[in-house]
Amino acid sequence: MSASDSMRAYPWRWIAAAVIVLILLAALAGALIVRSLLQPQRFTALLQSQLANAGLILSVDKPASPALWPHPAVQLQGFRLSVAGAATPLLSASEARIVVPWRALLHRELAIERLEIETPRIDVDQLQTLISRMPHGAGAPQLPRIGAGLRIVNGMLVRGSEPLLFDVNAQTGPLVPGTPFHLDGSARNGADRGGKLSLRMLPQHQDGTLRFEDIDLRMSIEQGAEAHIAGDASWAGGSGLGAILHGGLTLPAHGSVAAVASTPAAASSATPPVPARNYTIALQVHPAQGANPMTAVLKLDGEGKHVDMSVQPTALPGWWNDVLGSSPETALAMPPMSGSAQLDAMDVGPLHMQGVRIEAGPQVMPVGASSTVGPAKAATSGH
C-alpha cells in the first residue's frame with residue numbers, strides 16, 4: 001500500500017503523527033529559546049552581588065549551565081559560600097540551583113526567585129564569624145537586602161570536622177524591608193531527636209532604626225518542649241535593642257502517676273497520663289540609655305515554676321571569660337543578673353534537683369574558695 005493509499009485508509013493515524021511531530025518541534029524550539037534567554041552568567045553575577053551585600057563571597061568549580069526541569073534554573077557545580085577573607089567555607093555543596101521565575105524569563109528581567117542547595121555542609125564557626133562582623137557600634141544599622149529566597153535540603157551543621165546537626169532543612173523568603181519574611185527549618189541531633197522552628201515577621205527600616213513587627217516565633221522538640229512567642233522588636237544600632245515579646249511554654253510530663261493495685265481489677269486499669277505543664281512567658285529588652293546598659297527581663301509563671309530575672313546580655317561574655325580564667329583561690333564573681341527563681345524541679349543533664357530556689361543580685365555574696373558548702377540533695381533523673 002502506497003503512502004497516499006495509507007493516508008486515505010487511516011487519516012486519523014497520520015493526523016496524530018503530524019500533531020506529535022509538531023509538538024516535539026515546538027518543545028525543542030522552546031527549549032532552545034529558554035536556554036538562550038537564561039544566560040547563566042547574568043544570574044550568577046546577580047546572586048554574587050546580592051550575597052556580597054550580606055558579606056558573603058560565592059565561588060563555583062565549573063561555569064554555570066542552564067536547566068529547564070522542573071522549572072527554569074541555573075545549575076552551579078562545586079558551590080561554596082565564604083565569609084570575606086576566611087579560608088574555610090561557611091557553606092559548601094556539590095551542586096546548587098538558581099531558580100528563575102517564568103515572568104522574569106519571558107520579560108527578559110533579571111530576577112531570582114530562590115537559591116536551592118542540596119546536602120550542604122554548614123560550618124557553625126564561620127557562621128559566628130559572619131555574625132561577629134556585623135556592625136556593633138553606634139550608628140544606623142542597615143538590613144541586608146537579599147531579594148532571593150533560600151531552600152536547604154538535607155544539610156549538615158558542623159564545627160570543624162565534628163557534626164552537630166543532621167537532616168537540616170530550611171526555607172526562607174526574600175529579606176527586603178517592607179516585605180513579610182518567613183523562615184521554616186527542621187533538624188535532628190546525633191540521638192535522632194528532631195526539632196522544628198518557624199519564624200514570621202515584617203522587617204522595616206524607619207528613621208535609622210530597624211523594626212521587626214508582627215514577630216511570630218514557634219519552636220518545638222520531638223517529645224520535648226514547645227514554645228510560641230509573639231511581639232515586636234527594634235534595633236537602633238549597638239546596644240540600642242528593644243523588644244516586647246509574650247507567649248507560652250509547654251513542657252512534657254516526666255513519668256506518670258503510679259497506680260497502687262490492691263485488686264486484680266485495679267491492676268488491670270490503665271494508668272492515667274500526666275498532663276503537660278503550660279507556662280506563660282514575658283520577655284522585655286530595654287535598650288541602653290546613658291550609663292544604663294541594655295537589660296533583658298524574663299518572667300515565667302506556671303505550675304511549680306516562677307521566674308523573675310533581669311540580665312545584662314552585653315556583660316555576660318566578659319563575666320564568663322573571667323570565670324574561665326580565674327584561679328581556684330579567687331572568689332567567683334556574681335553574674336550580671338538579678339532577681340529570683342523558684343523551681344519545684346530542675347533537670348541538668350542526668351542530674352535531677354527538687355525544691356530549687358535562686359536569688360541573684362548585688363546583695364547576694366559570692367561563694368569563696370574557703371567557704372564550706374553542704375551537700376546538695378540531688379537524685380538522678382530516673383529517681
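Colleague: Two strands pair if DSSP finds at least two bridges between them. In this predicted model, which residue of strand 3 is the bridge partner of leucine 56?

Modeller: Strand 1 (residues 56-59) and strand 3 (residues 73-83) are joined by four bridges and run in the antiparallel sense. Leucine 56 belongs to strand 1. Its bridge partner in strand 3 is valine 83.

Colleague: Which side chains of strand 1 point to the buried face?

Modeller: The side chains alternate along this strand. Ile57 and Ser59 point to one face and are not buried. Pointing to the other face, and buried, are Leu56 and Leu58.

Colleague: Within what arc do the buried residues of helix 3 fall?

Modeller: Helix 3 (residues 40-52) has 13 residues, and from its first C-alpha to its last it reaches 18 Å, close to the 18 Å expected. Its buried residues are Pro40, Phe43, Thr44, Leu46, Leu47, Gln50 and Leu51. They line one face of the helix because, seen down the axis, they fall within an arc of 160°.

Colleague: What share of the accessible surface of the protein belongs to carbon and sulfur atoms?

Modeller: The protein has seven helices and 19 strands, and 29% of its 383 residues are buried. Among contacts with a separation of 6 or more, 49% are between residues 24 or more positions apart. The accessible surface comes to about 23,400 Å², and the share belonging to carbon and sulfur atoms is 61%.

Colleague: Is serine 310 buried or exposed?

Modeller: Serine 310 is found in strand 16 (residues 305-311). Leaving aside residues up to four places away in sequence, serine 310 touches Thr295, Ala296, Val297, Pro336, Met337 and Ser338. The relative accessible area of serine 310 is 18%. The cut-off for burial is under 20%, so serine 310 is buried.

Colleague: How many residues apart in sequence are the parts tied together by arginine 151 and glutamate 116?

Modeller: A search of the whole structure finds 13 salt bridges. In one of them, the side chains of arginine 151 and glutamate 116 meet at 3.9 Å, N to O. Arginine 151 lies in strand 7 (residues 149-159) and glutamate 116 in strand 5 (residues 114-118), so the pair ties together parts whose separation in residues is 35.

Colleague: Which of these two partners, arginine 151 or glutamate 116, counts as buried?

Modeller: Arginine 151 has a relative accessible area of 35% and is therefore partly exposed. Glutamate 116 has 13% relative accessibility. Burial means under 20%, so the buried partner is glutamate 116.

Colleague: What is the N to O distance in the salt bridge between lysine 305 and aspartate 344?

Modeller: Lysine 305 counts as buried at 16% relative accessibility, whereas aspartate 344 counts as partly exposed at 29%. Their side chains meet in a salt bridge with an N to O distance of 3.7 Å.

Colleague: Where in the chain do those two residues lie?

Modeller: The pair formed by lysine 305 and aspartate 344 links distant parts of the chain, 39 residues apart. Lysine 305 is in strand 16, and aspartate 344 is in strand 17 (residues 337-348).

Colleague: Which residues are joined into one network by salt bridges that share partners?

Modeller: Arginine 151 and glutamate 116, described above as a salt-bridged pair, are both part of this network. The residues joined are Arg97, Glu113, Arg114, Glu116 and Arg151.

Colleague: Which partner of arginine 188 in a salt bridge counts as exposed?

Modeller: In this salt bridge the closest N and O atoms are 3.4 Å apart. Arginine 188 counts as partly exposed at 25% relative accessibility. The partner has 51% relative accessibility, and the exposed residue is aspartate 192.

Note on methods. Residues numbered from 1 in each chain as written. Predicted model: local features only at pLDDT ≥ 70, side-chain atom pairs only at ≥ 80, totals over all residues. Heavy atoms only, no water. Buried < 20%, exposed > 50% of the residue type's maximum accessible area, 1.4 Å probe, protein only. Expected span 1.5 Å × (residues − 1). Arc of directions from axis to C-beta. Contact = heavy atoms within 4.5 Å. Areas by Shrake-Rupley, 256 points an atom, 1.4 Å probe, with all protein chains shown as cover. Salt bridge = Lys/Arg side-chain N within 4 Å of Asp/Glu carboxyl O.
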